[in-house]
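User: Could you help me look over this structure? I'm new to this, so please explain the terms as we go.

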Amino acid sequence: MASAIVYTEFGGPEVLHPIEIPDPIPGEGEVAIHVEAAGVNPIEWKIRAGFRPSDPIAEPRRIGGDGAGVITAVGEGVDGFRPGQTVVFFGASGAYASDVVVAASRVTPRPPQVSAAEGAALGIPAGTAYQTLRSLGVGTGDTLLVHAGSGTVGQTVIQYAVLWGATVIATSSELRFDRIRQLGATPVAYGEGLADRVREAAPQGISVSIDLAGTDEALQTSLDLVADRDRIATLVRGRDAASLGIRAFSGGSPVPLTAQQLAWRAEAVPVTLALMAAGRFSVELGPSFPLADAAEAHRVGQAGAAGKIALIP
Ligand SMILES: NC(=O)c1ccc[n+]([C@@H]2O[C@H](COP(=O)([O-])OP(=O)(O)OC[C@H]3O[C@@H](n4cnc5c(N)ncnc54)[C@H](OP(=O)(O)O)[C@@H]3O)[C@@H](O)[C@H]2O)c1
């Protein structure tokens with residue numbers, strides 16, 4: 001038997017609990033994967049807590065989408081994968097599990113330089129950062145302001161923007177300044193007086209901004225400093241984007257992602273893995289927990305742990 005984390009009601013972390021499930025069998029176009037690490041993302045606790053619209057729970061609901069592991073079986077019509085191969089996946093229906101079935105199109109071979117926990121950190125964060133930067137056309141000549149640059153998505157935004165030639169100003173707590181500098185950005189502390197500190201750090205001005213903090217302060221600072229509202233995006237306050245005249249990509253937005261945006265999100269994992277194998281991209285790992293302790297992993301994540309949290313089955 002395999003095991004998986006489920007919940008049967010919305011609520012606090014304690015609603016998460018392990019159950020036994022039959023060993024999953026891959027259908028056409030799918031692979032079965034023994035999970036070595038599952039990534040914990042904020043969207044998972046937001047949905048679990050009932051903060052994001054979601055269908056009523058009719059049966060025990062699986063949770064998690066990103067992970068890394070070893071292929072155990074390959075379904076019909078799948079080329080290029082074999083049992084025993086180490087892989088990274090995203091978009092699974094229930095990655096908090098010992099075993100999952102995933103569409104082969106969402107699976108990428110994992111190079112030996114990348115650990116399972118690092119691979120499990122890529123799906124949502126890399127996809128979101130890469131797509132947002134592409135959608136905003138960030139590149140050489142830009143000065144980008146990213147709010148919450150020390151978070152998992154923020155660190156990915158910084159690394160891609162720097163690679164693509166932009167100058168990056170990233171907000172965080174002072175405790176996280178060293179990591180932001182290490183990635184090639186200029187750190188600025190969030191809190192009162194933020195806009196003035198950003199002006200001082202970037203006298204040339206800010207041409208584009210990404211909000212990963214979701215605070216009024218972050219949104220107002222972007223509105224004050226970026227002239228073109230089409231180059232301000234929020235990933236957290238999607239519901240407010242239309243009234244502010246700015247862009248949103250998911251994050252509670254009623255506007256679904258376009259086919260192009262979804263394609264960029266999918267492209268991000270193989271592109272990032274190739275950069276990691278070449279030593280040009282790094283993931284900051286946070287605490288890891290046994291699969292059965294998913295509730296504790298959510299508590300720690302919601303409290304704001306540094307680095308990417310992983311569940312290890
Ligand atoms: N729309 C989408 O498709 C999408 C996709 C992925 C994530 N998201 C959202 O994006 C946000 C970030 O995700 P994540 O995975 O990067 O989260 P994370 O790794 O938990 O990082 C959160 C970061 O927020 C920072 N922070 C806390 N209070 C802040 C404030 N007042 N001002 C600025 N920064 C502050 C923290 O920085 P310090 O530790 O330095 O205080 C921390 O690094 C979450 O709300 C998530 O739901 C949206």
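Analyst: What follows goes through a sheet, two residues and a pocket. The model is predicted, so local features need pLDDT of at least 70 and side-chain atom pairs count only at pLDDT 80 or more, while totals for chains, interfaces and linings use all residues. Residues are numbered from 1 along each chain as its sequence is written, and side-chain values use heavy atoms, with hydrogens and water left out.

User: What's the strand order in the open sheet of 6 strands?

Analyst: The order is S11-S10-S9-S12-S13-S14, with parallel pairing; strands are DSSP runs of E with at least two residues, helices are runs of H or I with at least four, and both are numbered from the N terminus. Two strands pair if DSSP finds at least two bridges between them.

User: Which strands stand at the edges?

Analyst: Those are S11 (186–189) and S14, and because each has a single partner strand, one side of each is left without a neighbour in the sheet. Strand S13 (residues 232–234) pairs with S14 over 2 bridges, and Thr-234 has Ala-248 in S14 as its bridge partner.

User: And what does H3 touch when it packs on the sheet?

Analyst: Helix H3 touches S9, S12 (208–211), S13 and S14, and its direction makes about 150° with that of S12. Such angles run from 0 to 180 degrees between N-to-C directions, with axes fitted as lines to C-alpha atoms, for helices over the stretch in contact, where contact means heavy atoms within 4.5 Å.

User: Switching topic, is Asp-142 buried or exposed?

Analyst: Asp-142 counts as buried because its relative accessibility is 8%; buried means under 20% relative accessible area, exposed over 50%, and partly exposed in between, with a 1.4 Å probe and protein chains only. It sits in the loop between helix H3 (123–136) and strand S9 (143–147). Leaving aside neighbours within four places in sequence, the contacts of Asp-142 include Ser-207, Val-208 and Arg-231.

User: Where is Phe-281 found?

Analyst: Phe-281 is in the loop between helix H9 (259–277) and strand S15 (285–290), and at 7% relative accessibility this residue counts as buried. Its C-alpha atom is separated by 8.4 Å from that of Thr-156, although the two residues are 125 apart along the chain.

User: Last one: how do the residues lining the second largest pocket divide?

Analyst: They divide into 9 nonpolar, 4 polar and 2 charged, where Ala, Val, Leu, Ile, Met, Phe, Trp, Tyr, Cys and Pro count as nonpolar, Asp, Glu, Lys and Arg as charged, and the others, Gly among them, as polar. A pocket is an open set of points on a 1 Å grid over the protein atoms alone, where a 1.4 Å probe fits, with protein on both sides within 12 Å along at least five of seven lines, and lining residues have an atom within 4 Å of a point. Helix H8 (241–244) and strand S14 (247–248) each supply at least two residues of that lining.
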